[in-house]
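Subject: Structure handover

Hello,

The structure is placed below, followed by notes on what was found in it. Please read the notes with the coordinates open.

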Amino acid sequence: MVSPNRVGAIPIAATVLYLAAAQAVAQTLPSNAPTKEQLANDNNLFIALAIKALRWEEPAEPVSIVGPIHFVGTKGLGVFLFTTAEGHILMNTGMPSSGPMILDSVRKLGFKPEDIKLMINGHAHADHAGAFAWLKERLGAELAVMKDDVAAMESGDADDFKYGNDLTYPGVKVDRVLRDGETIKMGDVLLTAYHTPGHTRGATTWIANLVVDGKPFIVAFPDGAGFNPGYRLAKNPSYPGIADDYRRTHHALEMLKPDIWLAQHNEYYDLEGKRERAKTDGVKAWVDPEGYRRFIAGKKRAFEDEVDEEMGAAKGGGK
């Protein structure tokens with residue numbers, strides 16, 4: 001792992017890491033910033049920079065979003081609590097260090113962590129699944145995971161197709177194996193799990209159907225559409241069928257029409273901006289169907305551009 005001193009010595013803005021970690025629009029990089037190739041070839045450099053620049057391990061204030069859905073994550077990572085009279089559901093955990101921060105956020109919102117009865121995830125990387133083992137040991141909550149990510153979750157993502165053993169975390173036993181389209185119901189919260197592979201083999205997009213004050217809301221938690229530096233999509237693919245998985249996932253996500261969308265990374269859906277607007281606009285600040293459409297279109301375009309680059313296709317259609 002890159003040392004803290006080395007990380008601090010690299011003057012790279014969060015927007016630069018956003019380019020690398022989230023495939024944002026290309027921009028001119030500082031002359032001494034790591035290149036895409038360096039990030040692709042050095043897992044530890046990529047991880048260390050992402051943790052620092054995207055604030056994955058910094059505590060954040062929790063916020064209630066709509067009805068039973070609350071944000072309880074870190075400044076960079078989306079962790080969500082669904083509260084019901086029959087118990088609560090926790091989605092994602094952030095990095096392995098995030099467990100205590102999540103429990104503090106749950107308490108700040110006035111809920112008891114001990115009432116968390118079920119945990120679910122978006123995908124099996126350490127920045128979203130790293131603290132499940134720690135939380136399960138303390139809360140006794142069950143864990144439900146899409147079948148294609150079960151092995152990764154239970155091994156702590158050992159032998160990952162991109163990161164090998166560079167981003168492992170404490171493995172955790174899965175209690176319920178999910179399949180595409182299965183639902184989870186607790187109290188008045190109904191969640192549907194859709195298998196949207198690509199980013200990992202078992203990446204899962206969750207849909208919540210809510211009625212709040214007599215008004216229906218569809219809330220989406222899209223996953224699986226993005227790729228990181230070093231993913232091989234066309235030539236010598238990172239895993240067999242990865243390109244087909246991505247294209248099916250992009251199509252599936254295009255078909256969704258959510259009113260509100262949230263995500264594993266807070267910069268995707270502008271947590272800070274919407275949180276601020278919600279102080280005056282309430283739930284309306286979170287309603288963003290057009291932002292969702294742009295987000296999925298951007299992921300799809302970045303994927304096809306990367307495939308073209310791998311295949312040596314001329315940019316701009318050869319013009």
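R248 has a relative accessibility of 54%, over the 50% cut-off, and therefore counts as exposed. The model is a predicted one, and that applies to everything that follows. The side chain of R248 forms a salt bridge with that of D245, with N and O 2.7 Å apart. D245 counts as buried, at 12% relative accessibility. The pair therefore joins a buried acid to an exposed base. Both residues belong to helix α9 (residues 242-255), where a spacing of 3 residues puts them about one turn apart. An α-helix has 3.6 residues a turn, so residues three or four places apart point the same way.

Two other pairs are also set within single helices. In helix α11 (residues 271-281), R275 and E272 are 3 residues apart, which is about one helical turn. Their salt bridge has its closest N and O atoms 3.7 Å apart. Here R275 is the buried partner, at 13% relative accessibility, while E272 is partly exposed at 41%.

In helix α12 (residues 289-311), D305 and R301 are 4 residues apart, again about one turn of the helix. The closest N and O atoms of this salt bridge are 3.0 Å apart. D305 is partly exposed, at 39% relative accessibility, and R301 is partly exposed too, with a relative accessible area of 46%.

Salt bridges in the structure come to 20. Besides the pairs above, K36, E306 and E309 are linked in a network of salt bridges. As general background, side chains of opposite charge can pair when their charged atoms come close.

Next, the interior. How many cavities of 30 Å³ or more are there? The count is 1. The volume of the largest cavity is about 300 Å³. It is lined by 28 residues, of which H123, H128, H199, H265 and Y268 are the closest to its centre. The elements giving two or more residues to this lining are α2 (14-22), α4 (43-53), α6 (126-129), α10 (266-269) and α12. By class, the lining residues of the largest cavity divide into 15 nonpolar, 9 polar and 4 charged.

One of those lining helices, α4, can be described further. Why is α4 said to be largely enclosed by the rest of the structure? Of its 11 residues, 9 are buried, so the surroundings cover most of the helix. The buried residues in α4 are N43, L45, F46, I47, A48, L49, A50, I51 and A53. At the N-terminal end, D42 acts as a cap, with a side-chain oxygen 3.2 Å from the backbone nitrogen of N44. After α4 comes R55, which has a positive phi, near 60°.

Finally, some totals for the chain. The secondary structure consists of 12 helices and 12 strands. The chain has 319 residues, and 55% of them are buried. Among contacts with a separation of 6 or more, 65% are between residues 24 or more positions apart.

In short, the items to look up in the coordinates are the D245 and R248 salt bridge in α9, the cavity of about 300 Å³ and the largely enclosed helix α4.

Regards

Note on methods
Residues are numbered from 1 along each chain as its sequence is written. This is a predicted model: local features need pLDDT of at least 70, side-chain atom pairs count only at pLDDT 80 or more; totals for chains, interfaces and linings use all residues. Side-chain values use heavy atoms; hydrogens and water are left out. A salt bridge is a side-chain nitrogen of Lys or Arg within 4 Å of a carboxyl oxygen of Asp or Glu. Buried means under 20% relative accessible area, exposed over 50%, partly exposed in between (1.4 Å probe, protein chains only). On a 1 Å grid over the protein atoms alone, a cavity is a set of points where a 1.4 Å probe fits but cannot get out, and a pocket is an open set with protein on both sides within 12 Å along at least five of seven lines; lining residues have an atom within 4 Å of a point. Grid points are joined across faces, edges and corners, and a volume is the space filled by probe spheres set on the points. Ala, Val, Leu, Ile, Met, Phe, Trp, Tyr, Cys and Pro count as nonpolar, Asp, Glu, Lys and Arg as charged, and the others, Gly among them, as polar. A polar contact is a pair of N or O atoms within 3.5 Å; within protein, one must be able to donate a hydrogen and the other to accept it, and residues adjacent in sequence count only if both atoms are side-chain atoms. Contact means heavy atoms within 4.5 Å.
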